[in-house]
Amino acid sequence: MSRWLAELVALLAPPGCLACGCALGRADERLCATCVRALPWLRPGCRRCGLPRHRGRTCPAARAAFPRAWAPVAYEGVSQRLVAALKFRGALVAGDLMAAHMAANLPVALRDPAIALVPVPAAPARRRRRGFDPARVLTLALARRIDQPFADCLVRADRTARQVGSSRRERRAPGRLLIRVRGTPPSLAILVDDVHTTGATLDASARALAAGGTTVVAAISYARTL
Ligand SMILES: [Zn+2]
Ligand SMILES: [Zn+2]
């Protein structure tokens with residue numbers, strides 16, 4: 001399966017640098033040297049929310065259902081363009097590169113073959129529109145790289161039809177996020193998403209897993225919005 005996937009990825013790969021589009025010297029390169037140097041790596045900060053600092057505010061994850069959050073890069077510049085390449089251009093090779101950045105920097109405590117990687121589920125309408133789910137692509141690629149189990153055991157139960165006619169405020173209410181467990185969930189899990197912004201989807205996913213008997217070890221993402 002991995003060779004087939006690699007060939008498919010090569011076919012879908014855009015010809016230039018994934019972030020800036022400039023021509024690349026080698027066929028196996030995905031980012032140009034300038035973009036590699038400009039990657040916004042994050043220094044370790046708050047273990048709870050993954051932010052380098054709270055800027056005088058309280059920790060946004062103080063009441064989150066996950067005990068730890070981590071991301072290798074900030075969501076800006078090159079990383080933002082990589083996420084866009086995966087999400088909006090469907091460049092699966094961008095997902096693999098993001099997984100490589102995560103695998104190379106993942107905290108040691110999260111590397112454990114007993115901990116399954118669980119993708120945060122996409123809203124059904126979005127998944128249908130794109131034909132794929134970026135968080136799932138990223139999680140699969142990461143699971144393969146770090147040799148940890150992959151468990152696609154969460155589904156979004158919120159339906160777009162219910163949102164028709166609802167006010168903007170209702171649509172943004174946290175209750176809108178209905179996430180439930182399907183099948184047999186793993187006993188230990190790390191939640192994976194492409195971008196950690198407010199943490200609301202990660203939190204709702206962690207709550208669903210906990211209700212199903214899973215211990216959520218951490219919520220990790222490729223990029224953290226500062
Ligand atoms: Zn570039
Ligand atoms: Zn914090």
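Four donors around a metal count as tetrahedral if all angles lie between 85 and 135 degrees. In this predicted model, that test can be applied to the zinc ion (ligand 1), whose protein donors are the SG atoms of Cys17, Cys20, Cys32 and Cys35, lying 2.3 Å from the metal. The 4 donor atoms subtend angles of 103 to 117° around the zinc ion, so the arrangement is tetrahedral. For comparison, the ideal angle for four tetrahedral donors is 109.5 degrees. Along the chain, the donors of the zinc ion follow the spacing C-x2-C-x11-C-x2-C. Of these cysteines, Cys32 and Cys35 are both buried.

Leu18 sits in sequence between two of the zinc donors, Cys17 and Cys20, and leads on to the protein interior. Leaving aside residues up to four places away in sequence, Leu18 touches Arg30, Leu31, Arg81, Leu82, Ala85, Arg89, Ala91, Val93, Ala94 and Leu97. Leu18 is also one of the residues with the most contacts inside the largest nonpolar core, a set of 41 residues; Leu31, Leu82, Met102, Leu142, Ile220 and Tyr222 are the others named for this. Two or more residues of this core come from each of H3, H4, H6, E6 and E7, with H4 giving the largest share, 8 residues. Separate from it is a second core of 25 residues, which includes Leu51, Val118, Leu154 and Ala189. In soluble globular proteins, nonpolar side chains tend to be buried together.

Helix H3, which spans residues 78-89, deserves a look of its own. Its buried residues are Val78, Ser79, Leu82, Val83, Ala85 and Leu86. Viewed down the axis of H3, these residues fall within an arc of 150°, and they therefore line one face of the helix. The partners against which they pack are helices H2 (33-37), H4 (92-105) and H6 (134-146), together with strands E2 (73-74), E6 (188-196) and E7 (215-224). After H3 comes Gly90, with a positive phi near 65°.

A further contact involves Pro67, placed in the loop between H2 and strand E1 (69-70). Pro67 is partly exposed, because its relative accessible area is 43%, a value between the 20% and 50% cut-offs. Although 152 residues separate Pro67 from Ala219 in sequence, their C-alpha atoms are 8.0 Å apart in space. Not counting residues up to four places away in sequence, Pro67 touches Arg47 and Arg48 as well as Val216, Val217 and Ala218.

Technical notes. Residues are numbered from 1 along each chain as its sequence is written. Chains are lettered from A and ligands numbered from 1 in the order in which they are written. This is a predicted model: local features need pLDDT of at least 70, side-chain atom pairs count only at pLDDT 80 or more; totals for chains, interfaces and linings use all residues. Side-chain values use heavy atoms; hydrogens and water are left out. Buried means under 20% relative accessible area, exposed over 50%, partly exposed in between (1.4 Å probe, protein chains only). Helices (H or I, at least four residues) and strands (E, at least two) are DSSP runs, numbered from the N terminus. The arc is that of the directions from the helix axis to the C-beta atoms. Contact means heavy atoms within 4.5 Å. Donors are N, O and S atoms within 2.8 Å of the metal (3.2 Å for Na, K and Ca); water is not among the atoms, so sites may look incomplete. Four donors count as tetrahedral if all angles lie between 85 and 135 degrees; four count as square planar and six as octahedral if opposite donors are over 155 degrees apart and all others between 65 and 115; anything else is irregular. A nonpolar core is a set of buried Ala, Val, Leu, Ile, Met, Phe, Trp, Tyr and Cys residues joined through side-chain atoms within 4.5 Å.
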